[in-house]
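Here is a set of short questions and answers on how the labels given to a structure follow from its values. Each answer sets a value against a cut-off and concludes.

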Amino acid sequence: MPCPGLSSAVESGDEAATIRAVADAAARTPDDVRAVVLGCTHYELVADRIRAAVRRRPGLPPPALHGTAGAVAAQALRRIGALPAPHAPAEGPLTVLLSGRPATLPPAALTYEEGRLLQGLTLPARGARP
């Protein structure tokens, strides 16, 4: 199901718009759906809301959600010549790049658990490389 407005709502941290977009798409989703493909990395930030919103017939398990963030991250690592290390500890410096330039973590990112986890990592000086 298309989900107009969800990506921009998630990106801006607009909770009300996120709720509306998810509810609209869920209302158009068949109640016997078995899997949902999250076609945007932003959608994984609200995956729990998407799963909860999708209507289910009694007795059916919740739908499986298939995201894209892992594949996008693996491709980014391949592009810079690094190997994915899924079991590496989530620690160390963090460099935020927006349109290829060093920046700070956008305030809307702190709306989500993943953004709050990043907040505790060391941020290098502006322009520093990891």
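**Contacts, core and labels**

Outside its neighbours within four places in sequence, V36 touches I50, V54, P63, A64, L65 and H66. The model is predicted.

Q: What makes these residues contacts of V36?
A: Contact requires heavy atoms within 4.5 Å. I50, V54, P63, A64, L65 and H66 are in contact with V36 by that rule.

Q: Which residues have the most contacts inside the largest nonpolar core?
A: They are C3, L6, V36, L38, Y43, V46 and I50. The core has 17 residues. The elements giving two or more residues to this core are α1 (6–12), α2 (15–27) and α3 (47–53). Of the elements, α2 gives the most, with three residues.

Q: Why is C3 called buried?
A: Its relative accessible area is 14%. Buried means under 20%. C3 therefore counts as buried.

Q: Why is C40 called buried?
A: The relative accessible area of C40 is 17%. The limit is 20%, so C40 is buried too.

Q: How do you know how many disulfides there are?
A: A disulfide needs two cysteine sulfur atoms within 2.5 Å. By this rule the count is zero. C3 is in no disulfide, and the nearest cysteine sulfur, that of C40, lies 9.9 Å away.

Q: Why does the sulfur of C40 form no bond with that of C3?
A: C3 holds the closest cysteine sulfur to that of C40, and the distance is 9.9 Å. The cut-off is 2.5 Å. The sulfurs are therefore too far apart for a bond.

Q: What makes E15 and R49 a salt bridge?
A: Their closest N and O atoms are 2.7 Å apart. The rule asks for a distance within 4 Å, so the pair qualifies. E15 sits in helix α2 and R49 in helix α3, 34 residues apart, and the pair links distant parts of the chain.

Q: Are E15 and R49 buried, exposed or partly exposed, and why?
A: E15 has a relative accessible area of 35%. R49 has 27%. Partly exposed lies between 20% and 50%, so both E15 and R49 are partly exposed.

Q: What makes R28 and D24 a salt bridge?
A: The closest N and O atoms are 3.0 Å apart. That is within 4 Å, so R28 and D24 form a salt bridge. The count comes to two salt bridges. R28, at 34%, is partly exposed, and D24, at 39%, is partly exposed.

Q: Why is the phi of S99 worth a remark?
A: The phi of S99 is positive, about 55 degrees, and S99 is not a glycine. Most residues other than glycine have a negative phi. S99 lies in the loop between β3 (96–98) and β4 (101–103).

Q: Why is S99 called exposed?
A: Its relative accessible area is 66%. Exposed means over 50%, so S99 is exposed.

Q: How do you know whether A108 is buried or exposed?
A: A108 has 15% relative accessibility. That is under 20%, so A108 counts as buried. A108 is in the loop between β4 and α5 (113–119). Beyond four places in sequence, A108 touches E11, S12 and G13. A108 and G13 are 95 residues apart in sequence, yet 4.8 Å apart from C-alpha to C-alpha.

Q: Where does pLDDT stay under 50?
A: It does so over residues 122–130, for which the model has 13 contacts beyond four places in sequence. The protein averages a pLDDT of 84, and 91% of the residues score at least 70.

Technical notes: Residues numbered from 1 in each chain as written. Predicted model: local features only at pLDDT ≥ 70, side-chain atom pairs only at ≥ 80, totals over all residues. Heavy atoms only, no water. Buried < 20%, exposed > 50% of the residue type's maximum accessible area, 1.4 Å probe, protein only. Helix = DSSP H or I, 4+ residues; strand = E, 2+ residues; numbered from the N terminus. pLDDT = per-residue confidence, 0-100. Core = buried A, V, L, I, M, F, W, Y, C linked by side-chain atoms within 4.5 Å. Salt bridge = Lys/Arg side-chain N within 4 Å of Asp/Glu carboxyl O.
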